[in-house]
Amino acid sequence: MLAWFTNDETTPAGTADLALEALARDLAAQGLAVAGAVQRNLDLGPDCACDMEMIVLGDSGPPLRISQSLGPGAQGCRLDTGALEEAVARTAPHLPGAGLVVIPKFGRQEAMGRGFRALIGQAVADGQPVVLYVPRQQRAAFLDFAGDLAVQIAPANLRSWCLDRFAAAS
């Protein structure tokens with residue numbers, strides 16, 4: 001019920017975000033009930049870090065910018081944790097009745113018990129299949145969280161895993 005994937009070190013940054021957004025869009029276009037959120041990275045040019053925004057699936061509100069500009073030479077984390085929490089809050093009401101939940105990633109915030117962590121746990125507890133990306137750096141924390149409920153899948157098998165969950169539910 002909890003499928004995760006990762007990429008190797010040669011995979012370009014943002015690939016997982018693009019894959020999950022395309023997956024969610026494809027499944028929804030087929031009329032399947034998909035909830036969750038996806039991250040979109042907006043390229044600002046070669047000398048600038050991208051802007052990150054969260055798109056809540058099924059929500060009519062605008063995307064939420066979850067990154068903050070720290071200025072030239074800044075080394076800190078650009079994530080706006082307040083905006084991430086707002087994205088989680090906007091996502092939660094869309095989960096009931098969904099046949100699949102897409103979560104952008106189990107990142108540092110989730111590893112620390114924040115972000116989408118509680119929402120992932122609730123969806124799994126409610127019997128909803130969840131698919132998400134786990135960066136290599138967060139693998140140990142994710143496996144501690146998920147235990148034997150998680151199954152790793154190859155990125156190329158995301159769509160078929162999701163379609164199998166919908167077929168099993170019908």
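# Reading the sheet, a helix and the salt bridges

Author: Seven strands make up an open sheet of mixed pairing, in the order E4-E3-E2-E5-E6-E1-E7. E4 and strand E7 (150–152) stand at the edges with a single partner strand each, so one side of each has no neighbour in the sheet. This is a predicted model, in which local features need pLDDT of at least 70 and side-chain atom pairs count only at pLDDT 80 or more, while totals for chains, interfaces and linings use all residues. Residues are numbered from 1 along each chain as its sequence is written, and side-chain values use heavy atoms, with hydrogens and water left out.

Reader: How are strands and their pairing defined, and in which sense do E2 and E5 pair?

Author: Strands (E, at least two residues) and helices (H or I, at least four) are DSSP runs, numbered from the N terminus. Two strands pair if DSSP finds at least two bridges between them. E2 and E5 are paired in the parallel sense, over three bridges. Val34 stands opposite Leu100 in E5.

Reader: How should one read the faces of a helix, and which residues of helix H4 are buried?

Author: An α-helix has 3.6 residues a turn, so residues three or four places apart point the same way. Buried means under 20% relative accessible area, exposed over 50%, and partly exposed in between (1.4 Å probe, protein chains only). In helix H4 (residues 117–125), the buried residues are Leu119, Ile120, Ala123 and Val124. Viewed down the axis of H4, these fall within an arc of 135°, so they line one face of the helix; the arc is that of the directions from the helix axis to the C-beta atoms. The exposed residues Ala118 and Ala125 are carried on the face turned away from the buried side of H4.

Reader: Against what do the buried residues of H4 pack?

Author: Packing is read from contacts, meaning heavy atoms within 4.5 Å. The partners of the buried H4 residues are E1, H2, strand E5 (100–103), strand E6 (130–133) and helix H5 (139–146). Just after H4, Gly127 takes a positive phi of about 85°.

Reader: Where is Asn7 found, and is this residue buried or exposed?

Author: Asn7 is in the loop between strand E1 (2–5) and helix H1 (15–29). Its relative accessibility is 11%, so Asn7 counts as buried. Leaving aside residues up to four places away in sequence, Asn7 touches Thr15, Ala16, Tyr133, Arg136 and Pro155.

Reader: What is the criterion for a salt bridge, and how many does the model contain?

Author: A salt bridge is a side-chain nitrogen of Lys or Arg within 4 Å of a carboxyl oxygen of Asp or Glu. By this rule the count comes to six. One of them joins the side chains of Glu21 and Arg40 at 2.3 Å, N to O. Glu21 lies in helix H1 and Arg40 in strand E2 (residues 34–42), so this pair ties together parts 19 residues apart in sequence. Glu21 is buried at 13% relative accessible area, whereas Arg40 is partly exposed at 31%.

Reader: Which parts does the salt bridge between Asp59 and Arg90 tie together?

Author: In this pair the closest N and O atoms are 2.8 Å apart. Asp59 lies in the loop between strand E3 (51–56) and strand E4 (64–65), and Arg90 in helix H2 (residues 81–91), so the bridge ties together parts 31 residues apart in sequence. Asp59 is partly exposed, with 22% relative accessible area; Arg90, at 17%, counts as buried. Elsewhere, salt bridges that share partners join Glu21, Arg25, Arg40 and Glu53 into one network.
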